[in-house]
Every structure is written in C-alpha cells, then in structure tokens.
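Q: Could you take me on a close look at one part of this model, and show me how that part sits among its surroundings?

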Amino acid sequence: KPDALYHTSLFLARRILFAFVVAFCYHSIVLQVVIADALSTALLAYFFSVFPMTDGINNAIQIINELVVLASTWLMFWFTLYVDEP
C-alpha cells in the first residue's frame, strides 16, 4: 500500500513529539495531556483511514492499542487542573 509507507515515519514522529512535550512543556501538565490527546487522535484517524497493515488482525491490534492509549490519556485529565473535582 503506498499510503502505508508513512506508518513508521508517523510513529517515530509521534514518539519524538512526546519526548519534546515532556522536555519543554514541563510547566503545564494540561498542555502535555492535550498534546498527547491530539497526537493519539491523529494517529488513530490515520489508522482508520489507511489501514496500514496487510491483514485485518494486525490493523485491529494497532487500532485497539491506540484506543487504549487514547482512553488512558482521557483518564489523565482527571488528575490535572483542567478538571476541578475529579
């Protein structure tokens, strides 16, 4: 698949952006969580639009993995100042 060629590059770019956020946005945990949420949502949208793996089970594993990461990110909002009373 020609569209799937970007999978590894997007995965690595997301990891680098996670490291950048942790290193340079240390003053705002809310900003860290919001950026992590946006990155996970973008990668999930890519998975649903391209289905980069060759077989269905690997695509399902990637999508479920990203859904778990996204749900964990949403749960992190409870422990920030974004939500007053969890």
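**A close look at helix α2**

A: Happy to. In α2, the buried residues are Gln 32, Val 33, Ala 36, Asp 37, Leu 39, Ser 40, Leu 43, Leu 44, Tyr 46, Phe 47 and Val 50. Please keep in mind that this is a predicted model.

Let's place the helix first. The protein chain holds three helices and zero strands, and read from the N terminus its elements run α-α-α. Helix α2 covers residues 29-50, which makes 22 residues. From its first C-alpha to its last it reaches 32 Å, close to the 32 Å expected at 1.5 Å a residue. For the chain around it, the C-alpha atoms fill a box of roughly 45 × 25 × 15 Å along the principal axes. Of the 86 residues in the chain, 29% count as buried.

What do the buried residues of α2 pack against? Their partners are α1 (7-24) and α3 (56-76). As for the spacing along a helix, an α-helix has 3.6 residues a turn, so residues three or four places apart point the same way.

Several of these buried residues turn up again in the largest nonpolar core, which is made of seven residues: Leu 43, Leu 44, Tyr 46, Phe 47, Val 50, Ile 63 and Leu 70. Helices α2 and α3 each supply at least two residues of this core, and the largest share, five residues, comes from α2. Ile 63 is a good member of the core to click on: leaving aside its neighbours within four places in sequence, Ile 63 is in contact with Leu 44, Phe 47, Phe 48 and Phe 51.

Two of those contacts of Ile 63, Phe 48 and Phe 51, deserve a look of their own. Just after α2, Phe 51 takes a positive phi of about 50°. Phe 51 counts as partly exposed, at 34% relative accessibility, and Phe 48 is partly exposed too, with a relative accessible area of 45%.

There are three aromatic pairs in the count. One of them, Phe 20 with Phe 24, is tilted, at 4.9 Å centre to centre and 45° between the planes. Both of these residues lie in helix α1, four residues apart, about one turn of the helix. Phe 20 counts as partly exposed at 45% relative accessibility, while Phe 24, at 53%, counts as exposed. Back at the end of α2, the rings of Phe 48 and Phe 51 have their centres 6.5 Å apart and their planes at 90°, so that pair is edge-to-face.

Finally, how are the two partners of α2 linked by side chains? The count of salt bridges comes to one: the side chains of Glu 66 and Arg 14 meet at 2.7 Å, N to O. Glu 66 lies in helix α3 and Arg 14 in helix α1, so the pair ties together parts that are 52 residues apart in sequence. Both Glu 66 and Arg 14 are buried. For the chain as a whole, among contacts between residues at least 6 apart in sequence, 62% join residues at least 24 apart.

To pull it together: the buried residues of α2 pack against α1 and α3, α2 gives the largest share of the largest nonpolar core, and Phe 51 with its positive phi comes just after the helix.

Notes
Residues numbered from 1 in each chain as written. Predicted model: local features only at pLDDT ≥ 70, side-chain atom pairs only at ≥ 80, totals over all residues. Heavy atoms only, no water. Buried < 20%, exposed > 50% of the residue type's maximum accessible area, 1.4 Å probe, protein only. Contact = heavy atoms within 4.5 Å. Expected span 1.5 Å × (residues − 1). Core = buried A, V, L, I, M, F, W, Y, C linked by side-chain atoms within 4.5 Å. Salt bridge = Lys/Arg side-chain N within 4 Å of Asp/Glu carboxyl O. Phe/Tyr/Trp six-rings, centres within 6.5 Å; stacked < 30°, edge-to-face > 60°.
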